[in-house]
Amino acid sequence: MTIFTIDNENNITAFATAEAAAAASTTPFDLFTDQKELTDLLAGWPAERLVATYNSLPGVKPVKALKDPKTAASKIWERVEKLGQIDRKSTRLNSSHLGI
């Protein structure tokens with residue numbers, strides 16, 4: 001199962017294990033493994049962070065607002081679930097890594 005992390009700067013990274021995620025990060029992060037966990041995580045986030053996170057993903061058309069955290073989680077999950085299918089030790093998905 002792929003472990004995803006999201007840090008305070010909204011960088012989302014995929015790891016093969018939770019241990020690999022912990023070993024690779026020097027900053028605080030949250031973990032999720034599926035869309036439900038992502039939805040639960042985003043439930044407490046302010047609308048501005050939801051939009052910033054979505055807009056930071058490569059290949060998305062920037063939005064000004066998202067309906068609610070559940071909608072944000074669905075749209076973000078559409079992008080990151082593919083990240084977990086890439087066979088690498090870790091892979092980051094954000095606008096500074098458009099080559100992925």
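Threonine 53 lies in helix α3, where helices (H or I, at least four residues) and strands (E, at least two) are DSSP runs numbered from the N terminus. The model is a predicted one, in which local features need pLDDT of at least 70 and side-chain atom pairs count only at pLDDT 80 or more, while totals for chains, interfaces and linings use all residues. Residues are numbered from 1 along each chain as its sequence is written, and side-chain values use heavy atoms, with hydrogens and water left out.

Threonine 53 counts as buried because its relative accessibility is 0%; buried means under 20% relative accessible area, exposed over 50%, and partly exposed in between, with a 1.4 Å probe and protein chains only. Leaving aside neighbours within four places in sequence, threonine 53 is in contact with Ile6, Asn10, Ile12, Trp45 and Ile76, contact being heavy atoms within 4.5 Å.

Of these partners, Ile6 belongs to strand β1. This strand spans residues 3–7, and 5 of its 5 residues are buried. Ile3, Thr5 and Asp7 point one way from β1, whereas Phe4 and Ile6 point the other way. Strand β1 runs antiparallel to β2 (residues 12–15), to which 4 bridges join it; two strands pair if DSSP finds at least two bridges between them. Within this pairing, phenylalanine 4 has alanine 14 as its bridge partner. The hairpin of β1 and β2 has 4 residues between the strands, and asparagine 10 takes a positive phi near 70° there. Strand β3 (residues 29–32) is also joined to β1 by 4 bridges, again antiparallel, and leucine 31 in β3 stands opposite threonine 5.

In soluble globular proteins, nonpolar side chains tend to be buried together. Here the largest nonpolar core has 21 residues, and those with the most contacts inside it are Phe4, Ile12, Phe32, Leu38, Leu42, Ile76 and Val80. Such a core is a set of buried Ala, Val, Leu, Ile, Met, Phe, Trp, Tyr and Cys residues joined through side-chain atoms within 4.5 Å. At least two residues of this core come from each of β1, β2, α2 (35–42), α3 (47–55) and α4 (69–83). Helix α4 supplies the largest share, 6 residues.

Helix α2 has Leu38, Leu41 and Leu42 as its buried residues. They lie on the same side of α2 because they cover an arc of only 90° around the axis, the arc being that of the directions from the helix axis to the C-beta atoms. Their cover includes β1, β3, α3 and α4. At the N-terminal end of α2, aspartate 34 acts as a cap, with a side-chain oxygen 3.2 Å from the backbone nitrogen of lysine 36.

Key:
Polar contact = N/O pair within 3.5 Å; in protein donor to acceptor, adjacent residues only side chain to side chain.
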